[in-house]
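Me: I should like to learn how the terms used for a protein model are justified. Please show me the structure, and then let us take the terms in turn.

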Amino acid sequence: MRTEPQAPDQAAELDQAELSREWTSRLRRTLTGKLPPEKLLPDTQPAYVASWIYVFGVLTLAALIVVAISGAVLALEGPDWWHNSPEGHFVNSTHLWSVELFFFFMVIHLWGKFFMAAWRGKRGLTWVTGVLAFLLSIGAAFTGYLSQQNLDSQWISTQAKDGMNSTGIGAYFNVLNFGQMFMWHILLLPLLVIIFVAIHVLMVRYRGVVPPIGSVPRSEEKKPWRGRVRPYDIVKEASIAFVIVAILTLLFSVVFSSPDDPAATIKQWSQVDPVDFVQTAQSELAGASESATYGPPYNNQSGFVQSLGPVSLQKLAGVHYPINSGQDFVLGPLETIKSGIPSLAGALYTYQHASVAQQAAWTAAFGKADQHLTVTGDRLSYPRGNYGPVPTLLDNLLVMARSGGLDNALESHQGFYGTDYTKPLLFLADGGYFSSIGQKYHLLGTQWGMTNETGNFPGQAWLWLYTFWYQIPPMSTSANGDVMVMSIMAVLTLAFVIFPYIPGLRRIPEKIPVYKAIWRRYYEEEQAR
Amino acid sequence: MLEVLGLLLGAIVNLKGTAHYFEWGVIQISYANLVVIILMLLVFVLAMAIPFPQHRSGRTNEN
C-alpha cells in the first residue's frame, strides 16, 4: 500500500502554532529574516563601493583559503616532510608566502576600514570580530613559527617564553613544547580564525557596507542604503581574488623559496664550543644558571620572577614544568650511561651521597677554576683543586654530548614519543653558544629579533609594536621589562578591539581626510548631481 | 628525479645570504620587512589613487 499521498494531509493536520514554536523553526525564521539569500549573495552594491580599497577584504579571504590549502597539504605528510624533500619544502614555501600575503592584504583592509570609520551605524561588532580575527591570526602565525622545527623556532620560543611566563600565561601555554604549539597552530587557532572570519563576513552582509562619511545623517547610517547601486558579482570577484593570490603565492615560492636553518643541537654546541658547554653544565650543577634560578613555571626560585608593583601573576600561576637543572641536565642523563663506565658510576655515587654543603663547595671551586678550562680532544684540562667528582661528571657529560647522546637523553625524557622540548631548549639557552648564533642571525631582543627571519626573508613584521617597547626605557633596563611590555600591549590591544566604543577616539578617522580619497568618486558624483 | 625537481623548485633569487638591516636610533628593521611595509603603504595609496572601473549605476536600491 502506498502511503506517500497521505503525507501532505497529515502534515496539514499538525498544529501549525506548535510547529512555529519549535526551536528549529525559530532558528530558520531568524536566519532567513536577518540574512535572506539576496543579502548573503548580493548582485548589487551601493554606488559608493567603488574604490580598490574594497578589494582587500576579499583578497584577505582568498589568501586565507590558500593558507588553509597549503597547510592541509603539509599536514598530509606530517611535520618532518618539508625538511626532507624538495616537494615538501616547496609546499612549505607556499604556506609561508600565502601567510605573508594574508597579512599584507589584511593590514591594508584594516587601514581602509579604520579611515572609513567603518564601525559607524551600529557596525561596532563588525570591527570587533575583524580585529579579533586579526589578533587570532597573529597567534596562529606565531605558533607556526614555533612549529617550524628549525633554528628560528628554537630562538623565538626561548625568547618568547619570558614574556609568556611573566604574565603567568606561560604556565599553561608553553612555547617550548613543540607538541602543544603544533596542535594550537594546526587546529585550535585556525578554527578560531575561521569562526571569527565567518562571523565578520556575515556581519558585513547583515549590516551592509558603511556609507561614506557625511553622505547620510548620522542617525541614518545604520539603515539599509537606499541610494544609487551598481552591479556586483561577488562570486566572480572572489574567484578572481583566489586566482590572483594563488598565482602570487606560487610565484614567490618558486622565486624566493623559504628559509630552513637547521636547529642547533647540544652535540653541535659541545663540539663547536666545548668550554662554554662545560661551564654551562657546571652552572646547572651548581644551581646558578638561568634555568636553575628562574622561578615559576620551572621552580620555586626567584631569579627571573617579574611583577607589576606588588602583583606577580608569574608567581601566582606557580610551578607547572618542574626543572631541577642539576638533576635534569647533568646527573639524570649521566645515570643512563653509568653502567658501562665504573669511574662515572663512582663519581655519581660520591656526588649524590655527599652533603649539600659539600656538593656546593665542589661546584663552587670548579666554577672559580672554569675560566682556565681547556678541552683537549674529548678531555677537560683544568687547574689543580679540590673539586671532588665534579670534573669526572662533566668530562663524561662532554663525551656524551659530543656523541649526540645528551640530545637524545633530554629530548626523550618523557618517553619514546615525547614532543616536549622544554628541557633541551632551556639547557641550550643557558649557554653562550646559542645566543652567539642568535646574534649572528640578528635575532636577539635588542636586535628586534622577534620580527626577523633568518636570511633576507620577511619575518613577523606585524610584531613591530610589541618588539618596539623592549627597546626603550624603562622596559629595556628593568628586570620587570617583559611584564611591563605585555601589560602595555594588553591595554593597547583592548583599546584596538573596542575602539568603536571609545568616545572621542572613534571620531578621529572622521577628522582625517583619508576617507575623502577613498570615496572620492562618490563625493564628486554627488557634487555633480 | 627528486634532484631535478629540487632544482626546478629551488629559489631563483637567493634570500638565504647575509641579512641586511636598516638602523635608525633604537629602530632596527631588516630590509626584507622594510620592503614589505613600504609596499603595503604604496599599495594602500595606489588603491585610493587609481580610478576604480566604471559601472552602470543610477538604479535605486529598493531594499
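Me: How many residue pairs are in polar contact between chain A and chain B, and what makes a pair count?

Reply: The count is 13 residue pairs between chain A and chain B, both residues being at pLDDT 80 or more. A polar contact is a pair of N or O atoms within 3.5 Å, where within protein one must be able to donate a hydrogen and the other to accept it, and residues adjacent in sequence count only if both atoms are side-chain atoms. The model is predicted, so local features need pLDDT of at least 70 and side-chain atom pairs pLDDT 80 or more, whereas totals for chains, interfaces and linings use all residues. Residues are numbered from 1 along each chain as its sequence is written, chains are lettered from A and ligands numbered from 1 in the order in which they are written, and side-chain values use heavy atoms, without hydrogens and water.

Me: Which element gives the most to the side of chain A that touches chain B?

Reply: Helix 7 of chain A does, with 12 residues. A helix here is a DSSP run (H or I, at least four residues), numbered from the N terminus. By class, this side of chain A has 33 nonpolar, 17 polar and 8 charged residues. Asp, Glu, Lys and Arg count as charged; Ala, Val, Leu, Ile, Met, Phe, Trp, Tyr, Cys and Pro as nonpolar; and the others, Gly among them, as polar.

Me: How many salt bridges does the rule find across the interface of chain A and chain B?

Reply: The rule finds 0 across this interface. It asks for a side-chain nitrogen of Lys or Arg within 4 Å of a carboxyl oxygen of Asp or Glu, so no pair across the interface of chain A and chain B meets it.

Me: What makes a residue part of the contact?

Reply: Contact means heavy atoms within 4.5 Å. By that test, 58 residues of chain A and 47 residues of chain B take part.

Me: Why is the largest space of its kind called a cavity?

Reply: On a 1 Å grid over the protein atoms alone, a cavity is a set of points where a 1.4 Å probe fits but cannot get out, and lining residues have an atom within 4 Å of a point. The structure holds 1 cavity of 30 Å³ or more. About 30 Å³ of space lies in the largest cavity, a volume being the space filled by probe spheres set on the points, which are joined across faces, edges and corners. The lining includes Tyr441(A) and Lys16(B), and divides into 3 nonpolar, 2 polar and 2 charged residues.

Notes:
Helix = DSSP H or I, 4+ residues; strand = E, 2+ residues; numbered from the N terminus. 1 Å grid on protein atoms, 1.4 Å probe; cavity = no way out; pocket = protein on both sides within 12 Å on 5 of 7 lines; lining within 4 Å.
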